[in-house]
Every structure is written in C-alpha cells, then in structure tokens.
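Colleague: I am new to this structure and would like to learn how to read its features. Could you take me through them one at a time?

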Amino acid sequence: MLKKTQLCGIVIALIASSSVWAADQTIALKDGRQVILHDNFTWQYKAQTNNSVTSPTLKTTTATAIPVIATSAVAIPIISAPKGVDVELGTTKAIQQLSDSGMDVLLTAAHYENGTLIIPTMMTNQSSKSVVNVTMKVRLSNSDGQTIATDEFTVWRSINRMPDTYFRPKTQHQGKPITFDVPKAERYFIDAEITDVDMR
C-alpha cells in the first residue's frame with residue numbers, strides 16, 4: 001500500500017512539474033528587458049509599458065536632428081560639353097541606332113556634298129504592325145557643343161489608304177536621309193530621337 005501511495009505522489013509531482021514547464025515563462029535580462037519563453041521552444045521580448053521599471057544600467061539617449069546649415073553656396077555650374085553622338089566625315093562606321101515601338105532606325109555613315117551634311121537612314125520594322133509614318137527630331141552641334149541646327153525629319157511616310165506603300169512588319173527599307181545645310185567640318189555631334197511612329 002505504501003508503494004502505491006509513493007508511486008501516486010511521484011506521478012502527481014511529475015504532472016505538476018510538467019505543467020509548470022508547459023506554461024510560458026518570463027525572465028529578465030541584465031539590461032532590464034524581459035523575455036517570454038514559450039513552451040514551443042520559441043521566445044519573444046515582452047512589450048515594455050511606460051510605467052515599467054528599467055534597470056539603472058540601461059542608458060537613455062535622446063536623438064537630435066542634424067541642423068540644417070544655411071549656406072550661400074553657388075550651385076555647381078553647368079558644363080557645356082559636346083553632347084550627342086560623334087559624326088565624323090570620311091568614315092564608314094554607322095553613327096547610331098535608335099528604337100521606338102518596334103521600329104529601328106540606323107543612322108549610317110555621313111558625308112558632305114554641295115554644302116549639305118547628309119546622314120542616310122536604314123530602317124527595320126520589328127513590330128507586328130505596318131508603319132505609315134516615322135518622324136525624328138535631330139539637333140546638330142559643332143565640336144564646341146554649340147547647336148548649329150535643329151529640325152524634324154519624316155524619314156518614312158506611306159501614302160494614306162494605299163496599303164502597298166506601308167512599311168510591312170519584319171521588313172527593311174532605306175529611309176529618307178537627314179540633311180543639314182551647314183558649313184563643312186571634320187566632326188559634328190548629333191542628338192537624335194524618334195518622336196512619332198504611326199502604325200496601322
């Protein structure tokens with residue numbers, strides 16, 4: 001009988017101790033923060049309230065914003081360096097390729113003839129639609145970066161309502177050249193962009 005009573009006491013003690021370990025436990029760290037240990041082997045910091053007691057070793061610091069220093073500094077000057085792509089006469093190298101809406105425009109090697117700078121164009125329609133109009137805006141500068149000419153060019157135009165003249169998908173055509181009546185120079189700079197691609 002004594003053995004049964006002792007065995008029951010041990011079982012009750014084990015159940016009581018296991019229930020203690022099954023509950024969440026809170027412990028305090030050296031810096032005053034509290035950590036909750038969960039029975040699923042995870043943990044988290046206990047939320048601090050305004051009236052919670054902090055450890056005397058925990059230092060409180062207040063952050064102040066960095067003051068804005070009012071200066072009378074002058075803005076960085078704009079450098080008027082030559083912009084755009086180099087256009088050099090006497091070379092066979094293409095100048096630049098531009099793309100917009102599936103239309104690729106290649107500016108091929110430039111040449112000078114009778115007071116006119118001529119830049120031929122070659123185009124590829126990579127889209128799935130026919131193209132009826134391609135317009136470009138081009139700015140020409142000298143070697144000092146000064147603009148000497150600006151113009152808009154229609155490098156491709158089909159005849160309206162005549163599908164035979166449309167720029168068909170997945171085909172290539174030579175476009176109209178870009179021309180400027182400017183003094184001859186060994187080198188120019190060109191800024192070009194496709195401004196409109198009209199598709200059908």
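Colleague: Let me start with Leu29: what does its relative accessibility of 31% make it count as?

Modeller: Leu29 counts as partly exposed, because the class between buried (under 20% relative accessible area) and exposed (over 50%) is called partly exposed, using a 1.4 Å probe and protein chains only. This is a predicted model, where local features need pLDDT of at least 70 and side-chain atom pairs count only at pLDDT 80 or more, while totals for chains, interfaces and linings use all residues. Residues are numbered from 1 along each chain as its sequence is written, and side-chain values use heavy atoms, leaving out hydrogens and water.

Colleague: Where does Leu29 lie?

Modeller: Leu29 sits in the loop between strand S1 (25-28) and strand S2 (34-37). Strands here are DSSP runs of E with at least two residues, numbered from the N terminus.

Colleague: Which residues make the nonpolar surface patch?

Modeller: Patches are built from residues with over 30% relative accessible area and no salt bridge; nonpolar side chains (Val, Leu, Ile, Met, Phe, Trp, Tyr) are joined within 5 Å, and like charges within 9 Å. Areas come from the Shrake-Rupley method with a 1.4 Å probe, and for residues only the protein chains shown count as cover. In this model, Ile27, Leu29, Leu37, Trp43 and Tyr45 make a nonpolar patch of about 460 Å².

Colleague: What is the strand order of the open sheet of 3 strands?

Modeller: Two strands pair if DSSP finds at least two bridges between them. The order is S1-S2-S3, with antiparallel pairing. S1 and strand S3 (43-45) stand at the edges with a single partner strand each, so one side of each has no neighbour in the sheet. On average, neighbouring strands of this sheet are turned by 25° against each other, direction ignored; the axes are lines fitted to C-alpha atoms.

Colleague: How many bridges join S1 to S2?

Modeller: These antiparallel strands are joined by 4 bridges. Ala28, for instance, has Gln34 in S2 as its bridge partner.

Colleague: Is strand S6 (residues 103-107) largely enclosed or left open by the rest of the structure?

Modeller: S6 is largely enclosed, because 4 of its 5 residues are buried. Strand S5 (residues 96-100) runs antiparallel to S6 and is joined to it by 5 bridges, with Gln97 opposite Leu106. Their hairpin has 2 residues between the strands, and Ser101 there takes a positive phi near 55°. S6 also pairs in the antiparallel sense with strand S8 (residues 116-125), over 5 bridges, and Val105 has Met123 in S8 as its bridge partner.

Colleague: How should I read aromatic pairs, and how many are there?

Modeller: A pair of aromatic rings is described by the distance of the centres and the angle of the planes. Rings of Phe, Tyr and Trp (its six-membered ring) pair if their centres lie within 6.5 Å; planes under 30 degrees apart count as stacked, over 60 as edge-to-face and the rest as tilted. The count comes to 2 aromatic pairs. The rings of Phe153 and Phe180 are edge-to-face, because their planes stand at 85°, with the centres 5.4 Å apart. This pair links distant parts of the chain, with Phe153 in strand S10 (residues 147-157) and Phe180 in strand S11 (residues 171-180), 27 residues apart. Phe153 is buried at 10% relative accessible area, and Phe180 is buried at 5%. Trp156 and Phe167 form a tilted pair, 4.8 Å centre to centre and 55° between the planes.

Colleague: Which residues are joined into one network by salt bridges that share partners?

Modeller: Side chains of opposite charge can pair when their charged atoms come close. A salt bridge is a side-chain nitrogen of Lys or Arg within 4 Å of a carboxyl oxygen of Asp or Glu, and the structure holds 5 of them. Asp86 meets Arg187 at 3.3 Å, N to O; Asp86 is in strand S4 (residues 85-88) and Arg187 in strand S12 (residues 187-199), 101 residues apart. Glu88 also forms a salt bridge with Arg187, with the closest N and O atoms 3.5 Å apart. Another joins Asp198 and Arg200, at 3.1 Å between the closest N and O atoms. The network is made of Asp86, Glu88 and Arg187.

Technical notes. Axes are lines fitted to C-alpha atoms, for helices over the stretch in contact, and angles run from 0 to 180 degrees between N-to-C directions.
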